[in-house]
Structure formats: C-alpha cells, structure tokens
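Subject: Structure for you to look at

Dear colleague,

Here is the structure I promised to pass on, and below it I have set out what I found when I went through it. Please read the notes with the structure open beside them.

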Amino acid sequence: MSDRVYIFDTTLRDGEQSPGATMNAKEKVRIASRLEALGVDIMEAGFPAASEGDFAAVQDVAAVCQKSSVAGLARTSKSDIDKAWGAVQHAKHPRIHTFIATSDIHLEHKLKMNREQVVEAAVNAVKYAKSFTDDVEFSAEDGSRSDRDYLCRVFEAAIAAGATTVNLPDTVGYAIPHEFAELVKYVMDHTPNIHQAILSVHCHNDLGLATSNTLAAIQAGARQAEVTVNGIGERAGNTSLEEVVMAMHTRPNYLDFHTNIVTEQIHPASRLVRMITGIMVQPNKAIVGANAFAHEAGIHQDGVLKNPMTYEIMRPETVGLSKNNMVLGKHSGRHALRSHLADMGYVLSDEELQDLFIKFKDLADKKKHVVDEDLEALVSIGILRT
Ligand code: KIV
Ligand code: ZN
C-alpha cells in the first residue's frame with residue numbers, strides 16, 4: 001500500500017494574500033464547501049488576528065466543515081493564538097497553526113531576536129496552543145534559508161512541546177528540487193523525534209519550482225503538502241493543488257503515494273476560485289488552463305480521435321472537465337441548462353435555476369452561443385446578489 005500524503009489547502013489564507021484576492025465570509029464559506037467536496041484533509045481558513053472580518057470568516061468556515069480539519073494561522077503571541085482558537089474552536093476538527101521565522105536574515109532584520117529567543121517563542125506558542133487543542137502545527141518561516149542544524153533544533157523543540165505537524169516552508173520560493181529534497185532528508189535524519197510528527201512542506205513559486213520542490217520533498221519523506229487551488233498566493237503564488245495531486249495520480253510508479261482528493265472535483269473547485277477571487281488562470285496552465293486539453297495541430301487531433309492516450313496523459317473527465325458537448329443557445333431548455341451547470345460543478349435550487357434561466361435566455365437572444373465563461377458570469381451575478 002502506498003503512503004498517504006495529506007493535503008493542506010491554504011487557498012483561503014495564503015491564496016487570499018494574492019493581490020486583489022480578498023474574500024468575504026460568504027465567499028470563503030462557498031469555497032470551503034467546495035474544498036470539502038474536493039477532499040482536502042485540512043483547510044487553512046484564514047489569519048484570525050489579521051482583522052475582525054477574517055476572524056468572523058474563519059468562524060463561519062469552521063461552523064460548516066464536517067470532514068476537513070479547519071486551521072487558523074497565528075504568530076507566536078498569546079493574543080494571536082487566542083484569536084486563532086476563538087475562530088476555529090467550534091470546528092469539528094480544529095487546528096492551530098503557529099509560525100515564527102528561523103532564518104538569520106529574518107531574525108536579525110525583522111524579528112530582532114536571537115536564536116535562543118526564537119526557540120523559546122516557538123516552544124511557548126506550541127505549548128499554549130496545545131492547551132486548547134491536540135492538533136497543533138508549527139511552521140519555521142523561511143525554513144529553506146535557515147541554518148540546517150538550527151532548523152532541526154527548532155523542530156525538535158516544537159515537537160517536544162506538542163506540535164503534531166512541523167512545516168518547512170520555502171517562503172520566498174528560493175529552493176531548487178534537488179537541494180530541497182536534501183534538506184528534507186537532513187531534517188528527517190537529524191531531528192531525533194521527527195517520527196512523532198508529520199513533516200509538511202509549503203512552497204512558493206517565485207522560480208516556477210513550487211510543484212517540483214513539493215514533489216521532491218514528498219519523495220524525501222514529507223507527508224503533508226501545503227497547496228492552493230490554481231496555485232494562487234503571495235507574489236508568484238503557492239504550490240498548485242491540482243499539479244501535485246495529478247502528478248502523483250498520473251505517475252504512480254515514480255510517485256507511489258495517494259491522497260484523499262476526489263480528482264473529478266478539481267475543475268469545479270478551480271472555476272469557483274477563479275470566479276470568486278477574480279484571478280484567472282493562464283490558458284496554458286497545467287490541468288486547469290483553458291488549453292490544457294485542447295489539441296490544435298492536425299496530427300494531434302487525428303491521434304486523439306483514434307486514441308486519446310496518444311496525446312493525453314490523463315482523461316479530461318478525471319479532473320472534472322465536462323464531457324458535455326452540448327451547445328447552449330436560445331433554443332436550449334431548463335433541463336439542458338441544469339445538466340450543463342451540474343457538469344460545471346454548480347448545483348442550483350429550482351428557484352436559483354429559474355432566476356438564472358431568465359438571464360440565460362436574455363443573453364442567448366443577444367449571442368449565438370452561450371459558453372461556459374458566460375454561464376460562470378451569470379452564476380457569479382447570482383452569488384453576489386444573494
Ligand atoms: O510562506 C510561508 O512561510 C507561510 C507560513 C506562514 C507558513 O505562509
Ligand atoms: Zn506561504
């Protein structure tokens with residue numbers, strides 16, 4: 001049996017840190033329900049100390065999630081941890097995620113603390129978080145640029161204080177795969193109590209290597225991947241959920257791991273995140289870009305018609321792309337519209353459908369074909385109005 005990799009989704013926290021991606025509570029809850037359907041193990045719903053609005057949003061997400069654990073982010077201060085716990089305490093599976101930087105550059109210029117003080121802050125934070133919940137994650141911010149032995153020391157102390165997950169972030173997207181795998185292996189070999197916790201990785205995409213670094217880390221022993229839908233996140237973004245999951249799914253001989261992700265939910269989740277954040281994905285984006293399954297060259301089209309596996313390494317249906325080739329226009333009825341929307345991942349009540357149907361007919365009178373992007377826009381108008 002292959003090893004399980006836990007998927008920690010931070011679309012609602014690090015993803016929200018993409019410029020312009022701010023979400024209100026209602027939008028976060030809508031995405032959270034979709035993330036549960038997708039099967040993420042943990043979702044980081046926000047940073048409750050950041051604002052009253054985010055505190056309330058995390059509370060709302062915690063109230064609706066039944067299967068996924070819900071994490072709130074906190075610095076190492078008691079007040080941050082109080083806020084994080086206040087926001088997630090009613091979740092079925094609450095997690096507090098506390099972090100502090102461990103690289104010398106952050107210690108000297110940002111925190112103005114020495115190494116001993118940082119170890120102490122980490123230990124106190126984990127112990128305090130542990131007084132609220134058993135499920136505590138500790139992150140060593142800028143871990144990939146930290147002194148290796150010091151990093152191991154901080155992880156050892158955090159685990160001894162009660163952390164059940166320790167996370168190694170490549171905060172500034174500086175690592176390269178071989179080097180990052182070596183670092184993960186070093187941590188596995190030099191942190192005496194590492195087997196009492198799950199080692200997690202959290203990569204940023206500044207060099208376009210977030211997915212490669214995450215996969216290399218998993219091969220080296222990490223068992224939690226921190227990701228976002230569509231790879232949105234601070235600066236160039238975070239590791240994209242769909243890329244990591246589908247790499248493991250498509251190449252089991254080399255990546256002999258499994259996740260709990262329902263791959264058919266990938267496209268519906270991607271669409272919802274695009275629609276709510278307003279952040280589109282580039283057409284050639286792996287798995288979820290508009291051209292990811294489009295074949296332009298005649299030779300390719302011929303091959304795919306004869307056998308899709310000639311030019312497709314995964315079936316579009318596997319990632320939830322609609323098989324439905326029906327063209328929607330002014331002659332289409334409610335039933336066709338409902339079934340097309342269901343294929344796109346939108347399940348509407350009769351009342352919502354009726355409302356949308358009127359708008360759809362109105363648009364179809366002005367346009368030859370109503371395409372998925374039009375439907376998304378119509379659905380989003382409905383969401384904004386309610
Ligand atoms: O990139 C980072 O280091 C983070 C931490 C808070 C985990 O987002
Ligand atoms: Zn991050």
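Leaving aside residues up to four places away in sequence, A45 touches L12, R13, K28, A32, A57, V58, V61, A62, V70, A71 and G72. Please keep in mind throughout that this is a predicted model. A45 and V184 are the residues with the most contacts inside the largest nonpolar core, which has 92 residues. The element that gives the most to this core is α5, with seven residues. Another core lies apart from it and has 11 residues, among them L328, M344, Y346 and L375.

Two of the residues that A45 touches, K28 and A32, bring us to helix α1, where E27, K28, I31, A32, R34, L35 and L38 are buried. These residues lie on the same side of α1, because they cover an arc of only 165 degrees around the axis. Among the elements that cover them are β2 (6-9), β3 (42-46), α2 (52-64) and α10 (266-277). The length of the helix can be checked as well: α1 runs over residues 25-38, and at 1.5 Å a residue its 14 residues should span 20 Å, which agrees with the 20 Å between its end C-alpha atoms. After α1 comes G39, with a positive phi near 95 degrees.

Helix α12 (residues 334-343) can be described in a similar way, its buried residues being L337, H340 and L341. Their arc around the axis is only 100 degrees, so they are on the same side of α12. The glycine that follows α12 is G345, and its phi is positive, near 100 degrees.

As for the strands, V136 lies in β6, and it counts as buried because it has 27 C-beta neighbours inside 10 Å, where 20 or more are required. Not counting residues up to four places away in sequence, V136 touches I96, V126, A129, K130, G162, A163 and T164. Of these, A163 is 27 residues from V136 in sequence, yet the two C-alpha atoms are 5.0 Å apart in space.

Strand β6 (136-141) also matters for the next topic, since β6 and β7 (165-170) each supply at least two residues of the shell around ligand 1. The residues around this ligand are D14, F99, S139, E141, N167, P169, T171, H202 and H204. By character, the shell divides into two nonpolar, five polar and two charged residues.

Finally, there are two backbone angles that you may wish to look at in the model. Most residues other than glycine have a negative phi. K112, however, is a residue other than glycine with a positive phi, near 55 degrees, and it lies in the loop between α4 (104-111) and α5 (115-130). With 9 C-beta neighbours inside 10 Å, K112 counts as exposed, because the limit for that class is 12 or fewer. R235 is not a glycine either, and its phi is positive at about 55 degrees; its place is in the loop between β9 (224-227) and α9 (241-250). R235 has 13 other C-beta atoms within 10 Å and is therefore partly exposed.

With best regards

Methods: Residues are numbered from 1 along each chain as its sequence is written. Chains are lettered from A and ligands numbered from 1 in the order in which they are written. This is a predicted model: local features need pLDDT of at least 70, side-chain atom pairs count only at pLDDT 80 or more; totals for chains, interfaces and linings use all residues. Helices (H or I, at least four residues) and strands (E, at least two) are DSSP runs, numbered from the N terminus. The expected span of a helix is 1.5 Å times one less than its number of residues. The arc is that of the directions from the helix axis to the C-beta atoms. Two residues are in contact if their C-beta atoms, placed from the backbone, lie within 7 Å. A residue is near a molecule or strand if its C-beta atom, placed from the backbone, lies within 6 Å of it. Ala, Val, Leu, Ile, Met, Phe, Trp, Tyr, Cys and Pro count as nonpolar, Asp, Glu, Lys and Arg as charged, and the others, Gly among them, as polar. A nonpolar core is a set of buried Ala, Val, Leu, Ile, Met, Phe, Trp, Tyr and Cys residues joined through C-beta atoms within 7 Å.
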